[in-house]
Amino acid sequence: MFDRRRIVAGLGTIFGTMALATLVPRNLWAAAIKPDDGSALLVIDVQNCFLPGGSLAVKDGEQVVPVINKIAKSFANVVMTQDWHTPGHVSFASVHAGKKPFETIDLAYGKQVLWPDHCVQGTDGAALSKELAIPQAELIIRKGFHKDVDSYSAFTEADGKTTTGLGAYLTARKINRVFVAGLATDFCVAWTALDARKADFETYVVEDACRGIDTQGSLAKAWADMDKAGVKRIQSSDIA
């Protein structure tokens, strides 16, 4: 015989659980991700040129700084990157007669978006934001310092073969999981995440710790490419 009281009690538990799931934020309902010694936070290009008033300011770019500062406290391993261009860098529209920022040209390694002059070596625009508060950061990778090759990814320059050394560094430190945050989502963040997956790192992008430029559909394409590659999207609140 069925025990009606037990059935009713069981249904009450099920529906109560469902109701609780709709009321409790996802990061509290699901197990939070706890960074361990095999995890590293990669903070990408949080530099003055990409912040308000900069020559290539990313809309709402300043909003990533407090989010990054907060999640960085959970990581023992943090690497930061800087765009570090020479004057007259090949990626600058100003060095190509008749070209404007955000137009594209063909270079030996493929399509190149042309940018306003930005993050020139030694300038204030190239400096990391003074609002970043990550004293435990162990390494700063400078990229884009070869005059004839752009560099978005923290791992590999735009020619697809010149490495920054980051992959070897992380492997030597026995890092197997990376979390990517910073600027801009559709360029340096996405290229970093995609290269991390190519190097077999478990890869997360902290969505609310990034902001995009979104030129000619670049943001939607970047997310589609990352999803296809197995990059996992999370929010800062998902990190313990």
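A residue is counted here as buried when its relative accessible area is under 20%, and in this predicted model Arg177 meets that criterion, because its relative accessible area is 12%. The partner of Arg177 is Asp36, and the side chains of the two residues meet in a salt bridge with an N to O distance of 3.9 Å. Since Asp36 belongs to the loop between helix H2 (26-29) and strand E1 (39-44), whereas Arg177 belongs to strand E6 (residues 177-183), the contact ties together parts of the chain that are 141 residues apart in sequence. Asp36, with a relative accessibility of 41%, counts as partly exposed, so that this salt bridge joins a partly exposed acidic residue to a buried basic one.

The structure holds 11 salt bridges, and two others connect strand E7 (residues 202-211) with strand E8 (residues 232-234). In one of them, Glu202 is paired with Lys232, and the closest N and O atoms are 3.2 Å apart; Glu202 lies in E7 and Lys232 in E8, with these positions 30 residues apart in sequence, and the pair thus links distant parts of the chain. Both partners are partly exposed, the relative accessible area being 29% for Glu202 and 37% for Lys232. In the other, the side chains of Glu207 and Arg233 meet at an N to O distance of 3.6 Å. Because Glu207 lies in strand E7 and Arg233 in strand E8, this second pair ties together parts that are 26 residues apart in sequence. Here too the partners are partly exposed, with a relative accessible area of 28% for Glu207 and 38% for Arg233. Beyond these pairs, a network of salt bridges links Asp45, Asp83 and Lys143.

Aromatic contacts were examined next. The count comes to eight aromatic pairs, one of which is formed by Phe179 and Tyr204, whose rings are stacked with a centre-to-centre distance of 4.6 Å and an angle of 5° between the planes. As Phe179 lies in strand E6 and Tyr204 in strand E7, the pair ties together parts that are 25 residues apart in sequence, and both of these residues are buried. Strand E6 therefore contributes Arg177 to the salt bridge with Asp36 and Phe179 to the stacked pair with Tyr204. Ring pairs also link Phe102, Trp115, Tyr152, Phe187 and Trp191 into a cluster.

Two members of that aromatic cluster, Phe187 and Trp191, recur at the largest pocket, where they are among the residues that lie nearest the centre, together with Val113, Ser218 and Lys221. About 460 Å³ of space lies in this pocket, and its lining comprises 19 residues. The elements that give two or more residues to the lining are strand E4 (110-113), helix H5 (185-198) and helix H6 (218-229), with H5 giving the most, namely five residues. By class, the lining of the largest pocket consists of 10 nonpolar, five polar and four charged residues.

Strand E4, which takes part in this lining, runs antiparallel to strand E3 (residues 104-107), and the two strands are joined by four bridges. The connection from E3 to E4 is a hairpin of two residues, and the bridge partner of Leu107 is Gly110 in E4. Leu114 lies in the loop between E4 and strand E5 (139-143) and is buried, because its relative accessible area is 0%. The C-alpha atom of Leu114 is separated by 10.0 Å from that of Asp150, a residue 36 positions away along the chain.

Enclosed space was considered separately from the pocket. One cavity of 30 Å³ or more was counted, and about 120 Å³ of space lies in the largest cavity. Its lining is made up of 17 residues, of which Phe50, Leu56, Asp83, Tyr152 and Cys188 lie nearest the centre; by class, the lining of the largest cavity has 10 nonpolar, four polar and three charged residues. Two of the residues nearest the centre of the cavity also take part in contacts described above, Asp83 in the salt-bridge network with Asp45 and Lys143, and Tyr152 in the cluster of ring pairs that includes Phe187 and Trp191.

Methods
Residues are numbered from 1 along each chain as its sequence is written. This is a predicted model: local features need pLDDT of at least 70, side-chain atom pairs count only at pLDDT 80 or more; totals for chains, interfaces and linings use all residues. Side-chain values use heavy atoms; hydrogens and water are left out. On a 1 Å grid over the protein atoms alone, a cavity is a set of points where a 1.4 Å probe fits but cannot get out, and a pocket is an open set with protein on both sides within 12 Å along at least five of seven lines; lining residues have an atom within 4 Å of a point. Grid points are joined across faces, edges and corners, and a volume is the space filled by probe spheres set on the points. Ala, Val, Leu, Ile, Met, Phe, Trp, Tyr, Cys and Pro count as nonpolar, Asp, Glu, Lys and Arg as charged, and the others, Gly among them, as polar. Two strands pair if DSSP finds at least two bridges between them. A salt bridge is a side-chain nitrogen of Lys or Arg within 4 Å of a carboxyl oxygen of Asp or Glu. Buried means under 20% relative accessible area, exposed over 50%, partly exposed in between (1.4 Å probe, protein chains only). Rings of Phe, Tyr and Trp (its six-membered ring) pair if their centres lie within 6.5 Å; planes under 30 degrees apart count as stacked, over 60 as edge-to-face and the rest as tilted.
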